[in-house]
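Hello,

Here is the structure I promised to pass on to you. Please open it alongside this email, and then read on for what turned up.

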Amino acid sequence: MKFFSENEGLIMGATSAAVATLRALTIRTTDGGRGWQRVDEGPRPFELTWNGSFPSRLVGCVTVQNYNPNTSQAQRVVAKTTDGGKTWRSVPMGRAVNKIVSCRMATRSM
């Protein structure tokens, strides 16, 4: 969870509790949590988002954790925003980094 102000914030998680059907999910509020909008939902099952890092108000990333038992189909990505969490894009990380469990951004240029 990341709140930028009293009213605006994000929650990172998943679409369900069932591992085989869960998808990475980030939701956003602009009214202090009274209402929430889905701003990013991953296209792949077996994934959830967590552990967000924001080196600035606009730029941030969240870890996309993959639990796919078929390692030949599992993709390693982080989700990145450059507009404060309104929109997100997946940044592929390749197969060599399958041990990454979280992301932190030292600069805005990741």
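**What was found**

Glu 47 has a relative accessibility of 1%, so this residue counts as buried. Please keep in mind that the model is a predicted one. The side chain of Glu 47 meets that of Arg 44 in a salt bridge, with 2.9 Å from N to O. Arg 44 is buried as well, at a relative accessible area of 15%.

**Salt bridges**

In total, the structure holds 4 salt bridges. One of them joins Arg 57 to Glu 8, and their closest N and O atoms are 2.7 Å apart. Arg 57 belongs to the loop between β5 and β6, while Glu 8 belongs to the loop between β1 and β2, so this pair ties together parts that are 49 residues apart in sequence. The two partners differ in cover: Arg 57 is partly exposed, with a relative accessible area of 36%, whereas Glu 8 counts as buried at 17%.

A salt bridge also forms between Arg 38 and Glu 41, where the closest N and O atoms are 2.5 Å apart. Here Arg 38 counts as exposed, at 54% relative accessibility, and Glu 41 is partly exposed, with a relative accessible area of 39%.

Which residues are joined into one network by salt bridges that share partners? They are Glu 8, Arg 28 and Arg 57.

**The aromatic cluster**

Arg 57 has a second role to look at, on the ring of Phe 4: the charged end of Arg 57 sits over that ring, 3.9 Å from its centre. That leads to the aromatic residues. The count comes to 3 aromatic pairs. In one of them, the ring centres of Phe 4 and Phe 54 are 5.1 Å apart and the planes stand at 80°; an angle over 60 degrees counts as edge-to-face, so this pair is edge-to-face. Phe 4 lies in the loop between β1 (2-3) and β2 (9-14), and Phe 54 in the loop between β5 (47-53) and β6 (60-66), so the pair ties together parts that are 50 residues apart in sequence.

Phe 54 also pairs with Trp 88. Their ring centres are 6.3 Å apart and their planes are at 85°, so this pair is edge-to-face too. It links distant parts of the chain, since Trp 88 lies in the loop between β7 (77-81) and β8 (89-92), 34 residues from Phe 54. Is Phe 54 buried or exposed? At 15% relative accessibility, Phe 54 counts as buried, and Trp 88 is buried too. Taken together, ring pairs link Phe 4, Phe 54 and Trp 88 into a cluster.**Strand β3 and its neighbours**

Strand β3 (residues 24-29) is mostly covered, with 6 of its 6 residues buried. In a regular strand, side chains alternate between the two faces of the sheet. In β3, Ala 24, Thr 26 and Arg 28 point one way, while Leu 25, Ile 27 and Thr 29 point the other way.

β3 pairs with β2 in the antiparallel sense over 6 bridges, and Ala 14 stands opposite Ala 24. β3 is also joined to strand β4 (residues 37-41) by 4 bridges, and these two strands run antiparallel.

Which residue of β4 is the bridge partner of Leu 25? The partner is Glu 41. Leu 25 and Glu 41 are 16 residues apart in sequence, and their C-alpha atoms are 4.5 Å apart in space. Leu 25 is buried, with a relative accessible area of 11%. Leaving out residues up to four places away in sequence, Leu 25 touches several others, including Ile 11, Met 12, Arg 38, Glu 41 and Thr 49.

**The open sheet**

Finally, 4 strands form an open sheet in the order β5-β6-β7-β8, with antiparallel pairing. β5 and β8 stand at the edges with a single partner strand each, so one side of each is left without a neighbour in the sheet. On average, neighbouring strands of this sheet are turned by 35° against each other, direction ignored. The pairing of β7 and β8 is antiparallel over 4 bridges, and Lys 80 stands opposite Arg 89 in β8.

Happy browsing, and best wishes!

Methods. Residues are numbered from 1 along each chain as its sequence is written. This is a predicted model: local features need pLDDT of at least 70, side-chain atom pairs count only at pLDDT 80 or more; totals for chains, interfaces and linings use all residues. Side-chain values use heavy atoms; hydrogens and water are left out. Rings of Phe, Tyr and Trp (its six-membered ring) pair if their centres lie within 6.5 Å; planes under 30 degrees apart count as stacked, over 60 as edge-to-face and the rest as tilted. Buried means under 20% relative accessible area, exposed over 50%, partly exposed in between (1.4 Å probe, protein chains only). A charge sits over a ring if NZ of Lys or CZ of Arg is within 6 Å of the ring centre and within 35 degrees of the ring normal. Two strands pair if DSSP finds at least two bridges between them. Contact means heavy atoms within 4.5 Å. Axes are lines fitted to C-alpha atoms, for helices over the stretch in contact, and angles run from 0 to 180 degrees between N-to-C directions.
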